[in-house]
Amino acid sequence: MLTTTRTAALLGGILIAALTGCGTSAEKGTTEAATPRPDQSATPEQAAPGRATSPGLAGMPPVLDPKDVYAADRPGKMSPAVKDFPARIYVPNTNSNTVSVIDPKTYKVIKTIPVGHQPQHVVPSWDLKTLWVNNDLGDSLTPIDPATGKPGKTVPVSDPYNLYFTPDGKYAIVMASMDRELVFRDAHTMKTAKTVPVDCAGVNHADFSMDGRYFVVSCEFSGELLKVDTAKMKIVGQQKLPFKGAMPQDVKLSPDGSRFYIADMIANGMWVLDGKKFTTPKLLSTGKGAHGLYVSRDSKVMYISNRGEGTISVFDFARNKLTKKWRLPNGGSPDMGGVSPDGKVLWLSGRYNAEVYAIDTSTGKQLARIPVGSGPHGLAVYPQPGRYSLGHTGVFR
């Protein structure tokens, strides 16, 4: 258990939830603006207009395919902004206060980067040029240059449990879990633009609608979902999940944009939500401790990490059903991660086992089990295909 000056402020129930859930951050006070970061301007290649299929959020790159929001994420579709970046796996170790860097070709840790207190996720910036390490209890972000692997000057940001970017690239959104806030910050300077208080507990993960006009947020400690208007920076919907003790985690949009999927550690499955109507979602059982959601490179299936039982479920979008379940040899605690650029390997952190798993996506076979620091969490596979990043461990469009 971590002990900090903030931990004492937690209610007992939330402390218990924090120890079992995705996050372990603790409650604290005000939010401060950060120092400028001038290196995140968008490139013409990423922001260049294409053929718009439907009106979306102003300034958002047009949707490439109205039937597949992940059309830009195919193998080989690498942005010019990332063409010189070496392939690496970046693993934030929450208890070791480090980031382990793995060479995916050798399955070896080639570097360990000291960062701030309790790093939770490694997040690609909207323009793909920077990786942000979310030092949750350190109240800071550590930038890493993916071209060199070197960390930059730490930026002060309050309670950055997780980090997302609006589809127009204008704002970063800090999921300030224990501050109980969604904080919209300038995506380049990290200066606060607007703070949105929330009355749910544990804001942690999110994903955006196909048109970028709204996003859905999970609140893990109170078992709730939020719907937020992107342009207005305003909560427009809130609901309690219909399951006692629900603990929603990762959120992912279906390829056709019609549904959101929300993993739930306590309900042991994922909720299927009509985002537009925001009506009560239905639960699909996947496995104990359902946690992370990752779409395949062909947009046909989604991988669900079941942290509580050491398995990965495979969900077929077209058939609307689970088709496979892969079990890690000797168990494990598969958590967060991503898919390799070619789509052949699923990378996941082993949260309670101080290790990382590499899994063959064609067979489900474990290719490697790599020792890292203590408490590995929001692992980022980088670079990946896509025009821009919406944040988290790599949600690309």
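Begin the tour of this predicted model at the second largest cavity, which has a volume of about 100 Å³. To outline this cavity, select Val 63, Val 69, Arg 387, Tyr 388 and Arg 397, the residues nearest its centre among the 17 that line it. Colouring the lining by class gives 12 nonpolar residues, 1 polar residue and 4 charged residues.

**From the second largest cavity to a salt bridge**

Keep Arg 397 selected and add Asp 207. The two residues form a salt bridge, in which the closest N and O atoms are 3.1 Å apart. Asp 207 belongs to strand β13, whereas Arg 397 lies in the segment after β29 (380-382), so the pair ties together parts of the chain that are 190 residues apart in sequence. Is Asp 207 buried or exposed? With a relative accessible area of 1%, Asp 207 is buried. Arg 397 also counts as buried, because its relative accessibility is 3%, below the 20% limit for that class.

**The largest cavity**

Move next to the largest cavity, whose volume is about 190 Å³. By the rule applied here, the model has 3 cavities of 30 Å³ or more. Select Lys 252, Tyr 294, Val 295, Gln 384 and Gly 394, which lie nearest the centre of the largest cavity; its lining comprises 17 residues. Two elements, β21 (290-295) and β25 (334-339), give two or more residues to this lining. By class, the lining of the largest cavity divides into 7 nonpolar, 7 polar and 3 charged residues.

**Lys 252 and its partner**

From the lining of the largest cavity, retain Lys 252 and display Asp 250. Their side chains meet in a salt bridge, with an N to O distance of 3.6 Å. Lys 252 counts as buried at 6% relative accessibility, and Asp 250 counts as buried at 0%. Salt bridges with shared partners also join Arg 307, Asp 335 and Arg 351 into one network; select these three residues together to view it. In total, the count for the model comes to 9 salt bridges.

**The second largest pocket**

Turn now to the second largest pocket, with a volume of about 200 Å³. Of the 13 residues in its lining, select Ser 209, Met 210, Asp 211, Tyr 214 and Gly 257, which are the closest to its centre. The lining of this pocket contains 4 nonpolar, 5 polar and 4 charged residues.

Asp 211 leads to another stop. Add Arg 213, which forms a salt bridge with Asp 211; the closest N and O atoms are 3.9 Å apart. How does burial stand for this pair? Arg 213 is partly exposed, with a relative accessible area of 41%. Asp 211 is partly exposed as well, with a relative accessible area of 24%.

**A nonpolar patch on the surface**

Switch to a surface representation and select Phe 243, Ile 266 and Leu 283. These residues make a nonpolar surface patch of about 220 Å². To place Phe 243 in the fold, find the loop between β16 (234-240) and β17 (248-253). Phe 243 counts as partly exposed because its relative accessibility is 33%, and residues in such a patch need over 30% relative accessible area.

**Two pairs along the backbone**

For the last two stops, display C-alpha atoms. Asp 199 is found in the loop between β12 (192-197) and β13 (203-208). With a relative accessible area of 57%, Asp 199 is exposed. How many residues separate Asp 199 from Arg 180 in sequence? They are 19 residues apart, while their C-alpha atoms are 6.9 Å apart in space.

Finally, select Val 174, which is located in strand β10 (residues 171-176). Val 174 counts as buried, at 1% relative accessibility. Add Phe 184, which is 10 residues from Val 174 along the chain; the C-alpha atoms of the two are separated by 6.5 Å.

Note on methods
Residues are numbered from 1 along each chain as its sequence is written. This is a predicted model: local features need pLDDT of at least 70, side-chain atom pairs count only at pLDDT 80 or more; totals for chains, interfaces and linings use all residues. Side-chain values use heavy atoms; hydrogens and water are left out. On a 1 Å grid over the protein atoms alone, a cavity is a set of points where a 1.4 Å probe fits but cannot get out, and a pocket is an open set with protein on both sides within 12 Å along at least five of seven lines; lining residues have an atom within 4 Å of a point. Grid points are joined across faces, edges and corners, and a volume is the space filled by probe spheres set on the points. Helices (H or I, at least four residues) and strands (E, at least two) are DSSP runs, numbered from the N terminus. Ala, Val, Leu, Ile, Met, Phe, Trp, Tyr, Cys and Pro count as nonpolar, Asp, Glu, Lys and Arg as charged, and the others, Gly among them, as polar. Patches are made of residues with over 30% relative accessible area and no salt bridge: like charges are joined within 9 Å, nonpolar side chains (Val, Leu, Ile, Met, Phe, Trp, Tyr) within 5 Å. Accessible areas come from the Shrake-Rupley method with a 1.4 Å probe; for residues, only the protein chains shown count as cover. A salt bridge is a side-chain nitrogen of Lys or Arg within 4 Å of a carboxyl oxygen of Asp or Glu. Buried means under 20% relative accessible area, exposed over 50%, partly exposed in between (1.4 Å probe, protein chains only).
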